[in-house]
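Colleague: I've got the model open, so could you walk me through a few things in it?

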Amino acid sequence: MASSDENSPEIMRRVRLTLIEKMEILNRLEKGETTPFIAERLGLSPNYVKNSILQKQNEIIESSKALGLTAAFVKSMRNKLVVETEEMLWKWIQDCFRQMRLISKSIIQTKAREYHAQLNKKYGKNDTFKAGKDWYYGFQNRYALHSLTGIVQNTYIHVLL
């Protein structure tokens with residue numbers, strides 16, 4: 001009786017290639033190597049080469065021109081308004097901490113939406129920003145807000161995050 005491992009399909013791990021590696025694959029394709037050949041040699045699925053590299057070749061080429069071939073990964077740029085919103089929000093959180101005001105996740109999210117709306121108005125933009133739970137947890141990680149506790153004038157305060 002065959003074990004279940006023999007009949008199960010091979011599981012492919014998620015692959016994250018550098019910009020240089022993507023450019024090398026595009027160069028190999030340009031030289032006439034086939035997609036299945038390249039995929040087999042590099043341990044990638046042919047669909048990954050086709051869908052993630054070949055179909056996005058213009059974006060990859062533009063990124064390599066803009067960043068040079070020194071970029072380790074093609075990174076999506078964060079929205080500048082969101083970055084500025086987070087900076088304003090961080091200053092506000094620090095002020096709340098100094099003033100011993102309790103704040104919560106929902107208060108932080110509401111304040112982030114307010115700041116983003118102010119910046120939209122300031123710069124004449126109409127960007128949407130939900131300040132949802134995924135953004136919040138990312139913000140929490142970026143600013144190390146997991147459990148912000150401190151002593152202010154010998155009084156313990158805790159910001160509820």
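Modeller: Sure, one definition to start: buried means under 20% relative accessible area, exposed over 50%, and partly exposed in between (1.4 Å probe, protein chains only). This is a predicted model, where local features need pLDDT of at least 70 and side-chain atom pairs count only at pLDDT 80 or more, while totals for chains, interfaces and linings use all residues. Residues are numbered from 1 along each chain as its sequence is written, and side-chain values use heavy atoms, with hydrogens and water left out.

Colleague: Is R28 buried, exposed or partly exposed?

Modeller: R28 meets E33 in a salt bridge, 2.9 Å from N to O; that term needs a side-chain nitrogen of Lys or Arg within 4 Å of a carboxyl oxygen of Asp or Glu. E33 has a relative accessible area of 26%. R28 has 24%, so R28 counts as partly exposed.

Colleague: Which residue forms a salt bridge with D95?

Modeller: Look three residues along from D95, about one turn of helix α6 (residues 80-98); helices are DSSP runs of H or I, at least four residues, numbered from the N terminus. D95 itself is partly exposed at 33%, whereas its partner is exposed at 52%. The closest N and O atoms are 2.6 Å apart, and the partner is R98.

Colleague: How do α7 and α8 sit relative to each other?

Modeller: Their axes, lines fitted to C-alpha atoms over the stretch in contact, come within 11 Å and cross at roughly 100°. Angles of 65 to 115 degrees count as roughly perpendicular. Therefore α7 and α8 are roughly perpendicular.

Methods:
Axes fitted to C-alpha atoms, helices over the stretch in contact; angles between N-to-C directions. Helix = DSSP H or I, 4+ residues; strand = E, 2+ residues; numbered from the N terminus. Parallel < 35°, antiparallel > 145°, perpendicular 65-115°, else oblique.
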